Structures are given as structure tokens and as C-alpha cells.
Amino acid sequence: MSFLLRLKPHFRARVGKQLPKVSPSKLKIAVDLDGVLAESMLVWCERANKEFGTHLKMEDLDSWSSWKRFAISKDDFYRILDESWDEWREIPPTEPEIAEKVARIEKFGDLDIVTGRSKRTVDAARSWVDSQKIRYRRFVRVLGWRDKILLDYDVYIDDAPDLMPLISRNPTAWGVLYERPWNRSVESMPKVLKAKSWQRVPVLLKRIQASKT
């Protein structure tokens with residue numbers, strides 16, 4: 001999920017072969033990985049509970065820095081998340097039939113996966129995406145969630161609450177906030193639309209596309 005990103009301004013992109021380029025009039029869409037496509041925090045909870053003897057559930061992670069509420073350090077939080085990706089086959093998608101749902105937004109433009117996965121987990125993350133048969137144009141890695149706004153996408157489909165104000169203030173960007181326990185308190189703001197599920201995303205992209213034309 002995006003609240004787990006590092007903050008150094010560095011980018012790495014690797015080109016996927018799945019999708020052809022579309023017309024320049026189409027939207028450039030950045031799709032987050034953790035918490036939007038991959039339910040990595042479910043595996044995180046399982047591992048944290050085993051290691052620390054806790055009984056955490058995803059619903060307990062109701063803020064972007066939830067570790068502050070539990071007897072878990074920030075370093076342990078990120079370490080366990082990285083270790084969760086070591087067994088990437090255990091990570092389920094956020095919704096059933098995720099590939100089919102993501103495919104419904106292809107008609108709106110170029111779709112890149114933009115993630116803050118640590119360098120050592122990138123290969124596992126790409127393997128997970130490929131195993132789910134999610135189609136995309138490029139896999140882009142950033143080291144900080146703030147860096148995403150520098151990539152000049154038209155739309156960011158993301159779950160990071162603190163990214164949304166940056167999007168709202170950007171003159172050209174729009175955000176689709178994919179609802180999770182840690183972002184339900186985000187207030188309404190200009191150019192940020194909320195989606196409770198992937199089924200809602202195409203409708204929102206249609207609205208965004210209309211606003212740009």
C-alpha cells in the first residue's frame with residue numbers, strides 16, 4: 001500500500017509487453033499495487049500476529065501509521081511487509097477476478113503499475129502481477145509516495161490518504177481513492193473521487209475523462 005513507501009526521489013521503470021500504446025488523447029493512469037491490487041496487509045497481519053503474539057486484523061489498521069497504536073516499531077512494520085512479499089504466492093488480490101476488473105479501465109488510457117515496493121521485492125511484485133494476469137504497460141518503482149505526483153500521470157488510483165491533497169492541488173492530476181480501513185476518514189476535496197470497489201472505477205474514469213475534454 002502506498003503508506004508504506006520510502007521518501008527518496010528516485011525512479012525506476014521497466015517496460016511491460018502486455019498492452020499496446022493508445023492515443024495521446026487517452027488518460028495516463030497510475031495504479032498502486034499494495035492495498036489496491038494486492039492484499040499484502042492481510043499477509044502482514046498473519047505474520048505480525050505470529051511474531052508478536054498479537055491478534056491484528058486488517059480492520060484494525062485504521063490509520064496510515066497504524067504501528068503507532070501497537071507494540072510494533074516502524075522498522076519492524078516495514079520489515080514484515082517486505083518478508084510478506086518473499087512468499088508472494090500467499091498474497092491474495094484485493095478483489096476476486098482482479099484482472100478482469102482492471103481490464104475494464106484499459107479503454108480510458110495507458111495503465112502503469114506505480115509502486116513503492118522496496119528494491120529487493122520488485123521481482124516478487126512483478127511475479128505476483130503476472131501471476132494474476134493483470135495487464136499493464138509499464139511497471140514503475142518509486143522510493144517515496146510523494147514522488148508519484150512528479151510522474152505526471154492524469155489519474156492516480158491509490159489508497160494513500162496523504163497523497164490525495166497533493167493530487168488535489170496539482171493543476172492537471174485527478175485521484176481515485178480506493179477505500180481501505182486506513183483511508184476512510186479522508187475528507188472530500190477537489191479532483192479526488194472515492195471508489196469502494198474496482199467496479200466503481202470505470203464510472204469515475206469516465207467522469208474524469210469528460211472533465212478533461
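Visitor: Where is Lys-133 placed?
Guide: Lys-133 sits in the loop between helix 4 and strand 4 (138-143). This is a predicted model, so every value here is computed from predicted coordinates.

Visitor: What makes Lys-133 count as exposed?
Guide: Its relative accessibility is 64%. Exposed means over 50%. The value passes that cut-off, so Lys-133 is exposed.

Visitor: What is notable about the phi of Lys-133?
Guide: The phi is positive, about 65°, although Lys-133 is not a glycine. Lys-133 comes just after helix 4.

Visitor: Which residues of helix 4 are buried?
Guide: Helix 4 covers residues 122-131. Its buried residues are Val-122, Ala-124, Ala-125, Arg-126, Trp-128 and Val-129.

Visitor: What can you say about the phi of Glu-97?
Guide: Glu-97 is not a glycine, yet its phi is positive, about 55°. Glu-97 belongs to the loop between helix 2 (74-86) and helix 3 (98-103).

Visitor: Why is Glu-97 called exposed?
Guide: The relative accessible area of Glu-97 is 56%. The cut-off for exposed is over 50%. Glu-97 therefore counts as exposed.

Visitor: Why is Pro-181 called buried?
Guide: Pro-181 has 7% relative accessibility. Buried means under 20%. So Pro-181 is buried. Pro-181 lies in the loop between strand 6 (174-178) and strand 7 (192-195).

Visitor: Which residues are in contact with Pro-181, leaving aside its neighbours within four places in sequence?
Guide: They are Met-58, Glu-59, Leu-61 and Asp-62. There is also a distance to look at: Pro-181 and Asp-159 are 22 residues apart in sequence, and their C-alpha atoms are 9.7 Å apart in space.

Visitor: What makes Glu-39 and Arg-180 a salt bridge?
Guide: Their side chains meet at 2.9 Å, N to O. The limit is within 4 Å. The distance fits, so the pair is a salt bridge. Side chains of opposite charge can pair when their charged atoms come close.

Visitor: Why does this pair tie together parts of the chain?
Guide: Glu-39 lies in the loop between strand 2 (27-31) and helix 1, and Arg-180 in the loop between strand 6 and strand 7, so the pair links parts 141 residues apart in sequence. Both Glu-39 and Arg-180 are buried.

Visitor: How many salt bridges are there by this rule?
Guide: The count comes to 20.

Visitor: How do you know that Asp-112 forms a salt bridge with Arg-137?
Guide: The closest N and O atoms of Asp-112 and Arg-137 are 3.1 Å apart. That is within 4 Å, so the rule is met. Asp-112 lies in strand 3 (residues 109-115) and Arg-137 in the loop between helix 4 and strand 4, so this pair ties together parts 25 residues apart in sequence.

Visitor: Are Asp-112 and Arg-137 buried or exposed?
Guide: Asp-112 has a relative accessible area of 0%. Arg-137 has 14%. Buried means under 20%, so Asp-112 and Arg-137 are both buried.

Visitor: Which residues do salt bridges that share partners join into one network?
Guide: Glu-51, Asp-76, Arg-79 and Glu-83. Within helix 2, Glu-83 and Arg-79 are four residues apart, about one turn of the helix. Their closest N and O atoms are 3.2 Å apart. That is within 4 Å, so Glu-83 and Arg-79 form a salt bridge.

Visitor: Why are Glu-83 and Arg-79 called partly exposed?
Guide: Glu-83 has a relative accessible area of 24%. Arg-79 has 28% relative accessibility. Buried is under 20% and exposed is over 50%, so Glu-83 and Arg-79 fall in between.

Visitor: At what angle do helix 1 and helix 2 pack?
Guide: Helix 1 (residues 40-52) and helix 2 pack at about 115°, with their axes 9 Å apart. Their crossing is right-handed. Residues that meet include Trp-44 and Phe-52 in helix 1, and Phe-77 and Trp-85 in helix 2. The residues of this contact divide into nine nonpolar, two polar and five charged.

Visitor: What does the secondary structure of the chain come to?
Guide: It comes to six helices and seven strands. Of the 213 residues of the chain, 54% count as buried.

Key. Residues numbered from 1 in each chain as written. Predicted model: local features only at pLDDT ≥ 70, side-chain atom pairs only at ≥ 80, totals over all residues. Heavy atoms only, no water. Helix = DSSP H or I, 4+ residues; strand = E, 2+ residues; numbered from the N terminus. Buried < 20%, exposed > 50% of the residue type's maximum accessible area, 1.4 Å probe, protein only. Contact = heavy atoms within 4.5 Å. Axes fitted to C-alpha atoms, helices over the stretch in contact; angles between N-to-C directions. Left-handed = near helix turned anticlockwise from the far one by under 90°. Nonpolar A, V, L, I, M, F, W, Y, C, P; charged D, E, K, R; others polar.
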